[in-house]
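Reader: I am new to this structure and would like some help in reading it. Could we go through a few features one at a time?

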Amino acid sequence: MSFHKPLDEIFPSVPDGLDARALDPAQVPAHVAVIMDGNGRWAKERGKVRLAGHKAGIGAVRETIRCASDVGVRYLTIYAFSSENWKRPEDEVRGLMDLFAKTMLAEVDGLHEEHVRVMTIGDASALPPKTRQAFAEAWEKTRNNTGMTLVVSVNYGGRAEILRAANDIAREAAAKQAAGVPFAPVDEAAFARHLDTADIPDPDLVIRTSGEMRISNFLLWQIAYSEFYITDVLWPDFDRYDFLRALLDFQGRTRRFGGVK
Ligand code: IPE
Ligand code: IPE
Ligand code: MG
């Protein structure tokens with residue numbers, strides 16, 4: 001295991017008290033999931049509208065993607081829009097959907113050059129056509145890439161995802177019953193194959209910014225044994241050194257998965 005670039009290129013000006021050389025390439029989590037929270041509060045602190053916070057958050061997304069890819073993270077999942085975020089004011093929702101479309105179109109070539117594979121989870125069918133198309137084009141362009149997989153969670157809700165899976169399974173079971181196939185119970189692996197994350201390993205590390213101690217309907221099934229890292233930093237201020245802090249913290253955890261160490 002090794003980093004994709006020299007450490008001092010990935011972390012060129014490490015703040016005092018932080019040691020990038022302590023990062024062990026063998027202990028970098030394979031899958032990091034991020035709840036990018038605090039854009040609204042960041043904007044409010046500056047007397048700006050909420051959408052200005054979302055726009056400022058794009059820089060943090062860019063930096064986190066590059067850093068994760070450089071240190072060898074295999075999957076980076078980012079929570080961009082939840083199935084509950086439709087409750088927000090109409091202009092904020094519209095602004096976010098435009099921002100997703102524009103950002104995806106502007107960033108896809110750079111991501112492709114870095115061999116990143118871009119996919120989405122969540123119910124894309126409810127997205128405005130421009131936004132849906134931008135994500136679909138990013139997937140088409142990058143689907144054969146073998147670098148890091150970037151999973152954008154958009155119109156994603158853990159409960160909705162589990163329900164979609166349960167309904168798929170019920171539909172298949174009804175068809176089998178009609179064909180006279182004897183009942184066979186569904187096990188965890190079979191259930192997981194019906195989730196949006198069918199081909200993605202469970203997250204090792206979940207990061208949430210802005211200090212909130214809750215999961216907000218993110219990856220409910222998949223986080224059964226994930227490690228949590230919560231920072232007070234608001235998402236637009238989150239940078240590679242904050243990401244490094246999370247990775248170093250993760251390295252010090254003892255994961256037992258219910259067993260003993
Ligand atoms: C997270 O920031 C971004 C999205 C949910 C799209 P928020 O917009 O939730 O920011 P706060 O929580 O209001 O500060
Ligand atoms: C979670 O943040 C969703 C995203 C980061 C996209 P929210 O800001 O929507 O979560 P709550 O409402 O504070 O729980
Ligand atoms: Mg929030």
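Reader: Where is Asn217 found?

Author: Asn217 is found in the loop between β5 and β6. Please keep in mind that this is a predicted model. Phi of Asn217 is near 65 degrees, which is a positive value in a residue other than glycine. Ser216 lies in that loop between β5 and β6 too, and its phi, near 50 degrees, is likewise positive in a residue other than glycine.

Reader: Is Asn217 buried or exposed?

Author: Buried means under 20% relative accessible area. Asn217 has a relative accessible area of 14%, so it is buried. Ser216 comes out at 29% relative accessibility, so it counts as partly exposed.

Reader: Let me try that on another loop. Where is Thr231, and what is it in contact with, leaving aside its neighbours within four places in sequence?

Author: Thr231 sits in the loop between β6 (227-230) and α8 (240-251). With those sequence neighbours left aside, Thr231 is in contact with Arg208, Thr209, Ser210, Gly211 and Phe238. Its relative accessible area is 10%, so Thr231 is buried.

Reader: And what about Ala198?

Author: Ala198 belongs to the loop between α7 (188-192) and β5 (205-208). At 33% relative accessibility, Ala198 counts as partly exposed. Beyond its neighbours within four places in sequence, Ala198 is in contact with Ala192 and Arg193. Ala198 and Thr231 are 33 residues apart along the chain, and 29 Å separates their C-alpha atoms.

Reader: Which helix could I use to learn about length and burial?

Author: Try α5, which covers residues 129-142 and has 14 residues. From its first C-alpha to its last it reaches 20 Å, close to the 20 Å expected at 1.5 Å a residue. Thr131, Ala134, Phe135, Ala138 and Thr142 are buried in α5. Seen down the axis of α5, these buried residues fall within an arc of 90 degrees, so they line one face of the helix.

Reader: What do the buried residues of α5 pack against?

Author: They pack against α4 (90-113), β3 (117-121) and β4 (149-156).

Reader: Can you show me a residue in another helix?

Author: Take Ser69, which lies in helix α3. With a relative accessible area of 8%, Ser69 is buried. Leaving aside its neighbours within four places in sequence, Ser69 is in contact with His4, Glu114 and Met148.

Reader: Now for pockets. How should I describe the largest pocket?

Author: Begin with volume, then turn to the lining. The largest pocket has a volume of about 810 Å³. It is lined by 38 residues, of which Met36, Asn39, Tyr79, Ala80 and Phe81 are the closest to its centre. By class, the lining has 18 nonpolar, nine polar and 11 charged residues.

Reader: Which element gives the most to that lining?

Author: That is α3, with eight residues. The elements that each supply at least two residues are α2 (39-45), α3 (50-71), β2 (75-82), α4 and β4.

Reader: What would the description be for the second largest pocket?

Author: The second largest pocket has a volume of about 330 Å³. Of the 14 residues that line it, Ile169, Ala173, Lys176, Ala184 and Val186 are the closest to its centre. Helix α6 (residues 158-178) provides the largest share of this lining, six residues. The lining of the second largest pocket divides into 10 nonpolar, two polar and two charged residues.

Terms used
Residues numbered from 1 in each chain as written. Chains lettered and ligands numbered in written order. Predicted model: local features only at pLDDT ≥ 70, side-chain atom pairs only at ≥ 80, totals over all residues. Heavy atoms only, no water. Expected span 1.5 Å × (residues − 1). Buried < 20%, exposed > 50% of the residue type's maximum accessible area, 1.4 Å probe, protein only. Arc of directions from axis to C-beta. Contact = heavy atoms within 4.5 Å. 1 Å grid on protein atoms, 1.4 Å probe; cavity = no way out; pocket = protein on both sides within 12 Å on 5 of 7 lines; lining within 4 Å. Points joined across faces, edges and corners; volume = space filled by probe spheres on them. Nonpolar A, V, L, I, M, F, W, Y, C, P; charged D, E, K, R; others polar.
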